[in-house]
Amino acid sequence: MDAQYNPRTVEEVFRDYKGRRNGLARALTVDVEDFFRQCDPEKENLCLYGFPNEHWEVNLPAEEVPPELPEPALGINFARDGMQEKDWLSMVAVHSDAWLLSVAFYFGARFGFDKNDRKRLFGMINDLPTIFDVVSGKSKTKAPSNNNHSNSKSKSSNKMKTSEPRAKQPKPQPKEEDREDEAPDAGQDGGAIAGGGDEHGETLCGACGDNYGTDEFWIGCDMCERWFHGKCVKITPAKAEHIKQYKCPSCTGTNGSGSNKRARLSS
């Protein structure tokens with residue numbers, strides 16, 4: 001597959017892991033229709049591969065034995081029509097998480113990472129939500145609360161349709177109780193937004209699982225209340241202006257062409 005790509009440092013292995021993870025997460029969320037279609041049970045044993053450039057591919061396993069890299073779960077297509085789609089996607093997500101770890105620590109073993117390097121690599125990996133967390137919705141953060149209103153009032157206002165674009169509102173924040181739970185970890189890598197003491201907690205994209213960026217356009221699903229990078233679900237600020245109710249790809253089975261004004265663009 002990508003046998004010539006050999007990351008040698010902890011940071012390079014982590015970038016490799018993150019790129020592959022983002023590609024797999026996209027296959028199981030934003031591109032789920034295409035992924036489902038490619039996993040035809042009538043075909044031979046198929047595997048889901050993620051690549052460092054954030055692309056994904058459904059293909060036959062490597063022919064060489066042993067393979068250059070550890071191989072993903074074999075034959076995921078055979079279970080496609082024998083399970084509920086949600087359960088099948090969750091199963092593929094779990095096996096994908098296991099594969100990502102095996103690839104990362106394969107590189108670690110190959111290039112002689114010591115105990116401290118392995119610990120640091122796992123810590124960096126563990127700061128990201130797993131693919132299973134993304135697919136099952138466990139990594140989602142509730143819609144942001146307005147500092148001038150209670151959580152209940154803010155939640156109801158998120159569903160209201162106004163003439164003013166929601167993209168001008170502050171960036172997404174977790175609920176008060178979520179911020180309290182996360183407070184002890186605020187000083188760790190991958191925790192709260194940089195700048196310790198920031199009143200904003202961590203909001204994760206429901207498609208790629210990455211953190212909220214200060215210069216990125218976001219849109220929220222009116223069904224599952226998850227938030228997404230506009231680029232991950234192919235929604236632009238201009239397109240969001242004409243949306244009344246947005247449904248994310250997981251809720252609609254489309255590639256993000258729903259409708260909504262629950263959009264965020266940080267100032």
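A crossing of two helices is called right-handed if the near helix is turned clockwise from the far one by less than a right angle, and left-handed if the turn is anticlockwise. With that in hand, the model can be walked through from its overall plan to its details; it is a predicted model.

The protein chain holds nine helices and five strands. Followed along the sequence, these elements come in the order α-α-β-β-α-α-α-α-α-β-β-α-α-β. The protein chain has 267 residues, of which 43% count as buried. Among contacts with a separation of 6 or more, 63% are between residues 24 or more positions apart.

Helix packing is a good place to begin. Two packed helices are described by the angle between their axes and the distance between the axes. Helix H1 spans residues 10–27 and helix H4 residues 115–126; their axes come within 10 Å and cross at roughly 30°. Angles under 35 degrees count as roughly parallel, and H1 and H4 are therefore roughly parallel to each other. The crossing of H1 with H4 is right-handed. On the H1 side, the contact is built from Val 10, Glu 11, Val 13, Phe 14 and Tyr 17, which meet Asp 117, Arg 120, Leu 121, Met 124 and Ile 125 of H4. Sorted by class, this contact of H1 with H4 comprises seven nonpolar and three charged residues, with no polar ones.

H1 also packs against H3, this time at an angle of about 160° and with the axes 10 Å apart. Since angles over 145 degrees count as roughly antiparallel, H1 is roughly antiparallel to H3. Here too H1 makes a right-handed crossing, now as it passes H3. Val 13, Asp 16, Tyr 17, Arg 20, Arg 21 and Leu 24 are the H1 residues involved, and they meet Ser 96, Trp 99, Leu 100, Leu 101, Val 103, Ala 104 and Phe 107 in H3. This contact of H1 with H3 contains nine nonpolar residues, three charged residues and one polar residue. Val 13 and Tyr 17 thus appear in the contact with H4 and also in the contact with H3.

The remaining pairing among these helices is that of H3 with H4, whose axes come within 11 Å and cross at roughly 150°. That angle makes H3 roughly antiparallel to H4, and H3 passes H4 in a right-handed crossing. Leu 101, Ala 104 and Phe 105 of H3 make the contact with Arg 118, Leu 121, Phe 122 and Ile 125 of H4. Six of the residues in the contact of H3 with H4 are nonpolar and one is charged, while none is polar. In H4, Leu 121 and Ile 125 take part in this contact as well as in the one with H1; in H3, Leu 101 and Ala 104 meet H4 and also meet H1.

Turning to the strands, E1 (residues 47–50) and E2 run antiparallel and are joined by four bridges. One of the pairings sets Leu 48 opposite Val 58 of E2. Val 58 belongs, with Trp 56, to the covered face of E2 (residues 56–59), whereas Glu 57 and Asn 59 form the uncovered face. Five residues lie between the strands in this hairpin of E1 and E2, where Glu 54 takes a positive phi near 75°.

A further hairpin is formed by E3 and E4 (residues 227–229), which pair in the antiparallel sense over three bridges. Ile 219 has Phe 228 of E4 as its bridge partner. In E3 (residues 217–220), Phe 217 and Ile 219 point one way and Trp 218 and Gly 220 the other way, yet all are buried. The hairpin of E3 and E4 has six residues between the strands.

A few backbone details in the loops deserve a look. Most residues other than glycine have a negative phi, and most peptide bonds are trans. Glu 225, in the loop between E3 and E4, has a positive phi near 65°. Glu 225 is also buried, with a relative accessible area of 12%. Lys 234, likewise not a glycine, has a positive phi of about 60° and sits in the loop between E4 and helix H8 (237–240). Finally, Val 65 and Pro 66 are joined by a cis peptide bond with omega about -5°; Pro 66 is found in the loop between E2 and helix H3 (85–110).

Conventions
Residues are numbered from 1 along each chain as its sequence is written. This is a predicted model: local features need pLDDT of at least 70, side-chain atom pairs count only at pLDDT 80 or more; totals for chains, interfaces and linings use all residues. Side-chain values use heavy atoms; hydrogens and water are left out. Axes are lines fitted to C-alpha atoms, for helices over the stretch in contact, and angles run from 0 to 180 degrees between N-to-C directions. Helices (H or I, at least four residues) and strands (E, at least two) are DSSP runs, numbered from the N terminus. Angles under 35 degrees count as roughly parallel, over 145 as roughly antiparallel, 65 to 115 as roughly perpendicular and the rest as oblique. Contact means heavy atoms within 4.5 Å. Ala, Val, Leu, Ile, Met, Phe, Trp, Tyr, Cys and Pro count as nonpolar, Asp, Glu, Lys and Arg as charged, and the others, Gly among them, as polar. Buried means under 20% relative accessible area, exposed over 50%, partly exposed in between (1.4 Å probe, protein chains only). Two strands pair if DSSP finds at least two bridges between them.
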